[in-house]
Amino acid sequence: MKKTLLVLVALVTLGFTANAQNALGVRIAGGDGYGAELSYLHGMGTGRLEFDLGYAGNDWGSAFSLTGTYQYVGNITGPFNWFAGVGGHLGFWTYNNGNDADFSLALVGQLGIEFVPSAIPFQFSLDVRPRFYLIPQTDFYWGGVALGIRYVF
């Protein structure tokens, strides 16, 4: 029984990594979201993990964020895909010329489309990532449309 379970786990793991496609690049947020993010995608079969490290700054202060989502990816046609996912978000920001600071925790959803041309090793995406904040107060933010440009390896 243990051997059967071990073989099953190994096959499932190989199935997730056989079609793995990884990508590294940037995600440039719209609206008053987290400016630019360093973005990493780790493919796992029909799903993937996305990790983004973000920074934004303007006259109100500066903000850093770490966001992670699990996404399901489906094909539209040819090099065009859609993706949808859920995850979490941690944020830290300063304001009032650095005199005040705060921390945030949120649940996120993500929905988007991507273009992965076969001729070049890049992925281009447009997505929206709404956030439901739990800390420091409950609040909802739709987020703006973000542009992703990533090198695929």
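A salt bridge is a side-chain nitrogen of Lys or Arg within 4 Å of a carboxyl oxygen of Asp or Glu. The legends below describe close-up views of a predicted model.

**View 1. The salt bridge between D127 and R27.** The closest N and O atoms of D127 and R27 are 2.6 Å apart, so the pair falls within the 4 Å cut-off. D127 belongs to strand β7 (residues 122-128) and R27 to strand β1 (residues 22-28), so this salt bridge ties together parts that are 100 residues apart in sequence. D127 has a relative accessible area of 2% and is buried. R27 is buried as well, with a relative accessible area of 4%.

**View 2. The salt bridge between E37 and R129.** Here the side chains meet with an N to O distance of 3.4 Å. E37 sits in strand β2 (residues 36-44), while R129 sits in the loop between β7 and β8 (131-135); the two residues are 92 residues apart, and the pair links distant parts of the chain. The relative accessible area of E37 is 4%, which makes this residue buried. For R129 the value is 3%, and this residue is also buried.

**View 3. The salt bridge between E114 and R48.** The N to O distance between these side chains is 2.9 Å. Strand β6 (residues 100-115) holds E114 and strand β3 (residues 47-58) holds R48, so the pair ties together parts that are 66 residues apart in sequence. Both partners are buried: E114 has a relative accessible area of 5%, and R48 has one of 8%.

**View 4. A network of salt bridges.** R27, E37, E50, D52, D127, R129 and R150 are joined into one network by salt bridges that share partners. Among its members are D127 and R27, the pair with closest N and O atoms 2.6 Å apart. E37 and R129 also belong to the network. A search of the whole structure finds 7 salt bridges.

**View 5. The surroundings of G87 in strand β5.** Strand β5 spans residues 80-95 and includes G87. With a relative accessible area of 26%, G87 is partly exposed. Leaving aside neighbours within four places in sequence, G87 is in contact with G68, T69, A106, L107 and V108. From C-alpha to C-alpha, G87 and R129 are 10.0 Å apart in space, and they are 42 residues apart in sequence. R129 is the partner of E37 in the salt bridge of View 2.

Conventions. Residues are numbered from 1 along each chain as its sequence is written. This is a predicted model: local features need pLDDT of at least 70, side-chain atom pairs count only at pLDDT 80 or more; totals for chains, interfaces and linings use all residues. Side-chain values use heavy atoms; hydrogens and water are left out. Helices (H or I, at least four residues) and strands (E, at least two) are DSSP runs, numbered from the N terminus. Buried means under 20% relative accessible area, exposed over 50%, partly exposed in between (1.4 Å probe, protein chains only). Contact means heavy atoms within 4.5 Å.
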